Amino acid sequence: MTERLFVIGNEAIGWGALMADCDAFFGYPITPQNEVAEWFSREFPERGKVFFQATSETSAVNLVYGAAAYGVRVMTSTSGPGWSLMQETMSHLANAELPAVIVLVQRGGPGMGTTRHSQMDYFTATRCGGHGGYKNIVLCPDSVQETHDLMQLAFYLADKYRNPVVVLTDALIGMTMETLEVKKAEFGPLPEKDWVVRGRARDKDEKIHIVNSSQGLFPWPYPNYLTFLAHLDEKYKEMTNTEVRYEAHRVEDAELILVAYGYVAGVCREALDMARSQGLKVGMVRPITAWPFPNQIIKEKERQGVDFLVVEDSMGLLVDDVIASVEGQSEIHLLNMFARHSPAEMGLIFPERVFEEIRRLL
Amino acid sequence: MREVVERKLVRGYPKLFLRLPISLVPCSGCQHGVVFRLLCEVIEELDIEGRTVGVFGASCGNVASVLVQVDWIGGPHGRPVDIATAIKRVSWGEAIAFTYQGDGDSLAIGIESTIHAAARGERITVIMVNNGNYGTTGGQMAPTTLIGQKTTTSPRGRDVKQEGYPFYGAEYMAVMKGVSYSARGALNNPGNCERTKKYIKRAFQKQIDDIGFSYVEILSACPPDWHLSPLECQKRIENEVIPAFPLGEFKNVDQLE
C-alpha cells in the first residue's frame, strides 16, 4: 500500500506506527504533541486496535509496560514534563527487556518552560533519563517523511533488541505540514516472542512466564544480578556496533562540518547551500541515531583536519557528544539557542545566522 | 451470581502452590503465605489458571510470583493497576488480570492508578494486603497506620494533627460507580479466613462475569515491624485493627449503574 498524504509531523507518527502494525497507543495530553494522541483516538479504534487516554504520563508509560509484556506492539508519545514523569518506567522497561516505542516531541524547558520547539531533552533521551544506567536507541527524524520512516524502524529495533526505543522529534517537525508517502517498510525477520505473559494456556507446555524488573528478588533466568547486567551490557555493545546511522552531506572536501539533528538539520542544509554557492567548503553530519552516536565519522574527519560547528536549539547538549568523539586536534564551535532570531519563545535559528557563523569561521 | 461452591482442603497444598524446601515468606507470623494459598484455591476452583496474569509492584507479597503458579508481571512500585489494565485491554478481555499489592503500593504511591481504574470500572481485580505499615522497608508509616500507632517514621505515634487519618481502601472503592465489588477480610481465625476466601472468589467472579472493578482488602500481621509475637499480632488485629478497619462487603452489585 502506498498512499500520498499532506499531513503534519505529529500525524506522520501515527501513520508510521500503523505501517509498523502497532496494536496499542496509550498517552496523555501535553503540548506540542496533542495531535499524536488525537490521531490515534481517531484512527485506531475503527481498525480494531487499542487507543486509551491515561490519567498521567506515569500511568501511560505503565500501560505501555503492561501491553509490551503481553507481547503486542505498543507506543506512547509525550513532551517535556511528561517525559520526566516517564523516566522511572523507562528504566523498568529496559530492565525487564520490554520492547516499546516512546516518541518525544521536544518543547522548551526546563520546568514548564514553553510549549514551543526546542532541542533541550537530548541528554535525558540519550543518556538514560531514569535510574540505573540502562541504554536505549534514539532515532532523530528531520522531516515529516522521515518521522514516518523512523517510526517503523523504531518498532523493528525495539523488537530486535527487546528494549525501549525513543523517537526524538520536536515541535517544529511535529507542526510542519509536508507531503508524506505512507509505505510499509520491510526490515527482515525477528525472533519469536516466546517470552510473552498471556496466561499459562498460551505456552505449549503450560510453562509459567514471568516478566520482572527486580533481579534482587529473582534474577531468573540468570543465575545472579551481575550475569544479568553482563547480558544487558552485551546487548548495548551490539547496538553500539551495529545500529549507528547518520547522514553525511558534502563532507568529502569539507573544511568545516556542521553537526545538527532534527529541525535544525534542515536549517543547516540551507545554510550549507548558501556557503557552497560562495565557494566555502562546508559539509554536514546529521546523526539519525543520537544514541548510538556516530562518533566514527567525526573521528575520521578530525584526522583529516576538519573543524566542526555544532548547531543546536538548546544551550549545548549535542556538542558534548561531538567533543567526546574527537581526540583534541580539531576546533569545535557551538551555535546554540542564543542565536535565535527572537528572544521570545517562538525564536528560531535561521539559515542566515548559521551562514554568518560559517563565514566567520572560514 | 454463580453459586459459591465451598470446598475444604483439609490436608496438603493447593495444586498451584509451589512447594519449596525452604520458606520464601521470610518472617514467621506473616500472613502473605495464607493469602497466596487462598489465591491458589480460588484460581483453581474457578478454573482460570490458564488465562490468569498476576501483577505485582513493590511489597513483601512479591514472592507470590514464585509461589502462586500462574503467569506474572512485576513492574514499578504502585503501578500494577495500570499494567493489569493494559493486559485486560490488549487481550480484549480474554485475560484474567489481578494485582497483588500492599497498602503503600495501592493507597499511597499508586492511588492515582487505583482510583481512576475504579472510576472507569476497569475489569480487573485488586488484592490489597493491609498490614498497617511498610513491611518491606522496615516498618515506616503507611496510609493505613492506625492513629497512635508507632512506626519508624512516626516514633511518637501517628498524630492526627501531624499525619492525618488512615485511608480506608475498601470503603473508598465502594463509593466509586465503576466498582462492582469491594470487601475487607482478615485472617486472624479460621472463620475470617473462610470469609476472606469467599471475598476473593466473588471478586474474581465479577471479573469473569465482566462487571466492573473488584477490590479486596485483607488485614494482615507484620510481627517484626509491629515488634510483637505472631500470636500477639493476631490479638492486636482482633482488638485494635478490626475495630478501626471493619470487616465485610462494602459493595456487591451484579451490574453497574
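Reader: Which residues of helix H10 (residues 295-303) of chain A are buried?
Author: This is a predicted model, in which local features need pLDDT of at least 70 and side-chain atom pairs 80 or more, while totals for chains, interfaces and linings use all residues. Residues are numbered from 1 along each chain as written, and chains are lettered from A and ligands numbered from 1 in written order. Helices (DSSP H or I, at least four residues) and strands (E, at least two) are numbered from the N terminus. In H10(A), the buried residues (20 or more other C-beta atoms, placed from the backbone, within 10 Å of their own; exposed means 12 or fewer, partly exposed in between) are A:Ile298, A:Lys301 and A:Glu302.

Reader: Why do these buried residues lie on the same side of H10(A)?
Author: The face turned away from the buried side carries the exposed residues A:Gln296 and A:Arg303. The buried residues share one side because, by the directions from the helix axis to their C-beta atoms, they cover an arc of only 105°.

Reader: Which strands stand at the edges of the sheet in chain A?
Author: Strands pair if DSSP finds at least two bridges between them, and 7 strands form an open, mixed sheet in the order S3-S2-S4-S5-S7-S6-S13. Each edge strand has a single partner, so one side is left without a neighbour in the sheet, and these strands are S3 (50-53) and S13 (289-291).

Reader: How many bridges join S4 to S5 of chain A?
Author: Within this pair, A:Thr76 stands opposite A:Ile102 in S5(A). Strand S4 (residues 74-78) and strand S5 (residues 100-106) of chain A run parallel, and the number of bridges joining them is 4.
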